[in-house]
Number of protein chains: 2
Amino acid sequence: MDIHDLTRSLHEKNDSKIVMLVADGLGGLPITPGGKTELETANTPNLDALAVEGIQGGSIPVLPGISPGSGPGHLGLFGYDPLKYVIGRGALEATGIGFELQQNDVAVRGNYCTLDERGNISDRRAGRIPTEESAPLAEKLREVKIPGAEVFVEPVKEHRFVAVFRGEGLGDRVEDTDPQRSGVPPQAPQPLDDASHKTADVARQFIEQSFQILRGQPKANGLTLRGFAARPNLPSYEEVYGLRAAAIAVYPMYKGLARLVGMSILGKPATLDEEIGLLEQHWKDYDFFFLHFKYTDSTGEDGAFDAKVKKIEEFDAAIPRVRQLQPTVLIVTGDHSTPSYLRSHSWHPVPTLLASDCCRPDPCRQFSESESTRGGLGQFEAKHLMTLALANARRLGKYGA
Amino acid sequence: MDIHDLTRSLHEKNDSKIVMLVADGLGGLPITPGGKTELETANTPNLDALAVEGIQGGSIPVLPGISPGSGPGHLGLFGYDPLKYVIGRGALEATGIGFELQQNDVAVRGNYCTLDERGNISDRRAGRIPTEESAPLAEKLREVKIPGAEVFVEPVKEHRFVAVFRGEGLGDRVEDTDPQRSGVPPQAPQPLDDASHKTADVARQFIEQSFQILRGQPKANGLTLRGFAARPNLPSYEEVYGLRAAAIAVYPMYKGLARLVGMSILGKPATLDEEIGLLEQHWKDYDFFFLHFKYTDSTGEDGAFDAKVKKIEEFDAAIPRVRQLQPTVLIVTGDHSTPSYLRSHSWHPVPTLLASDCCRPDPCRQFSESESTRGGLGQFEAKHLMTLALANARRLGKYGA
């Protein structure tokens, strides 16, 4: 039985407000033996005060030892089992650049490559051409016309782009055309099931016309396609939780992920300050707010311990404005850890705080990795966090008599 | 794989004795910020001494955030996955009043209702007539005679009763007859699968004859039926654990739940004192004893913090007599939390203690919600508790060579 089979039948309506603050990549590691993590180093009076009132624990994004990307990391926090709901590479890439996928779309990640005179790949990444050079190519590729399908091409960074094919009867089970090595030509797109024959044919036409358009380019005179994927079919927050939900985020990836579960996207904030402003402005309109803070992750990925500490302090300083709204349930968490020591996403449990009038406070006195090991939430898989949020908001009825 | 697939093949016999003391609704919440829970407020020298010797943790009845009814709460403690084994409403209602369901029974919950002169429901609960008035109606309804099926009617509180149909070929997939609103007539019982045609027909005859019998009643001149359910098919303690098990409880619901997993029901105790007396008296006859204490739940449901504290102290005072019997494994737990602050069952983990000579004691010095967060059992789903009990009793062999 899926968690949503439970929440779907148990959820109830009331006037409560749930706020989930996600500091991306929040969890960290010490950089010296016996040292403190970024969160433990940061001066966080507001989060610590919340830790005294609330309950703390460690959120395991997927399973112990598994480091998630942004997709599974956020799906888990949203209560969608990240092992059950998989967002294909093409769909995630499209989501990440803010492309609004529709039900009859198939998205695919494209890489420009360099072909030699015999049509073999000599460089799988076209010399990692800079974005200034690759972006105009995406515009040229929009000239491709295919009967029975609309084609969208969007630039991504460097040698990357996204193509979206829109039309009836487009399955997404098509093999990658990237042979994963040079010295051979790109592969033809092969359908992996009956429903994907038309997609493979559309992709073949797209490649043929693109090669004509790119002919003569010094580096990017070819392309490969990877990760054909339809829009993932996720049940909505309204259906599984009975929540009118809104997302507040600066970056397109997080807006896109929130849109996939039916959240409304609020405004176009550029700073944390503007994000909180939107929260205040729309406070009456929604039951649930997801607010995303990016920079705890990006500083971690840069290996910039001190910068991550500063970003955590900036995040902490925003807490009082959120608390002034008096949310029924306030959650502070991350979608995964990004220790600057590792310069990457990691598997470590994410310190997670939940405050409500009935959360059963624990002995924790600070918000930190070490304190969270003795917190009342214990260690839990992220996918259970939304159920706990609903319970604390008294939005779940009793299971069984 | 189900836990029972493991225990079934691994269980071994010996002379050990396992006692599970269930203080219903044991877990609680503080009623003032920074305050103590009921259990933390209570003076519990005997439970605290056991906490020093034993190992402690937090039992999650179903899943994080899910508040269970008594059925799933106890099934979990008995080691039966409460999401896999579901007891239908009618079966639970019959169990709750002590009706011994048999394999070819279908039970259903009945509500008396008031019908207007056109046969439409004007009051779905017949004005919540008092039990003194409704109980004699159940006796009248026993006059119903249906060819091919035996009919039992038992009074419950106020406007409620239970009907049980006994006979060959009675499936339990029949739609409720309660339209869930007034101004319309009760619905006819519709079978939802082929195996339930006869049940729907029996129910139809029951309703027709009942309406004749109730005609002329001022309020309860009609009825609706909800939650058709057969006896749930639960494997027995003897089969899955190799345990001769006995249950000691004051209230019929808990005797009934224990009966469903094949426990013998001991005596008719009216007090905790009498319950412990039965435990002593039958000590040699069983391997496992489930002893149920109700009042920690009922005081919680009443929102009576101080009364719940007193009941916990009463429960604590009974511990020495149990320990004198020298059980191999002694467990103290609850089927769920019932914080007086919430006046209802809740999702919070239940403080749980296990004492045996090989339980690996932890640093806990008191039996309490806060201490249990640093206990050696961690947080665990209730369904794992029986496996731990068997292991500590050396009743489980090694899995794999």
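This passage walks through how the two chains relate, how the sheet of chain A is laid out, and what sits in the nonpolar core of the predicted model.

Start with the two copies. Any two copies of a chain are related by a rotation about an axis plus a shift along it. Here, a turn of 125° and a shift of 0.1 Å along the axis lay chain B on chain A, with an RMSD of 0.3 Å. That is the relation of a three-fold axis. Within chain B, Arg374(B) has the C-alpha nearest the axis, at 3.2 Å. The copies use different surfaces to meet: just 7% of the contact residues of chain B turn up again in chain A.

Next, the sheet. Chain A has an open sheet of eight strands, ordered 9-8-10-1-11-12-2-13, and the pairing is mixed. Strand 9 (264-265) and strand 13 (378-381) of chain A stand at the edges with a single partner strand each, so one side of each has no neighbour in the sheet. Strand 1 (residues 18-23) and strand 10 (residues 288-293) of chain A run parallel and are joined by six bridges; one residue pair to look for is Leu21(A) with its bridge partner Leu291(A). Helix 3 (residues 45-53) of chain A packs on this sheet, touching strands 2, 11 and 12 of chain A, and its direction makes about 65° with that of strand 12.

Finally, the core. Nonpolar side chains tend to be buried together in soluble globular proteins. The largest nonpolar core in this model has 151 residues, and Phe289(A), Ile331(A), Ile331(B) and Ala389(B) have the most contacts inside it. Beyond its neighbours within four places in sequence, Ile331(B) contacts residues including Val19(B), Leu21(B), Leu353(B) and Ala389(B).

Technical notes. Residues are numbered from 1 along each chain as its sequence is written. Chains are lettered from A and ligands numbered from 1 in the order in which they are written. This is a predicted model: local features need pLDDT of at least 70, side-chain atom pairs count only at pLDDT 80 or more; totals for chains, interfaces and linings use all residues. Copies are superposed by least squares on the C-alpha atoms of residues with pLDDT of at least 70 in both. Two residues are in contact if their C-beta atoms, placed from the backbone, lie within 7 Å. Two strands pair if DSSP finds at least two bridges between them. Helices (H or I, at least four residues) and strands (E, at least two) are DSSP runs, numbered from the N terminus. Axes are lines fitted to C-alpha atoms, for helices over the stretch in contact, and angles run from 0 to 180 degrees between N-to-C directions. A nonpolar core is a set of buried Ala, Val, Leu, Ile, Met, Phe, Trp, Tyr and Cys residues joined through C-beta atoms within 7 Å. A residue is buried if 20 or more other C-beta atoms lie within 10 Å of its own, exposed if 12 or fewer, and partly exposed in between; C-beta atoms are placed from the backbone.
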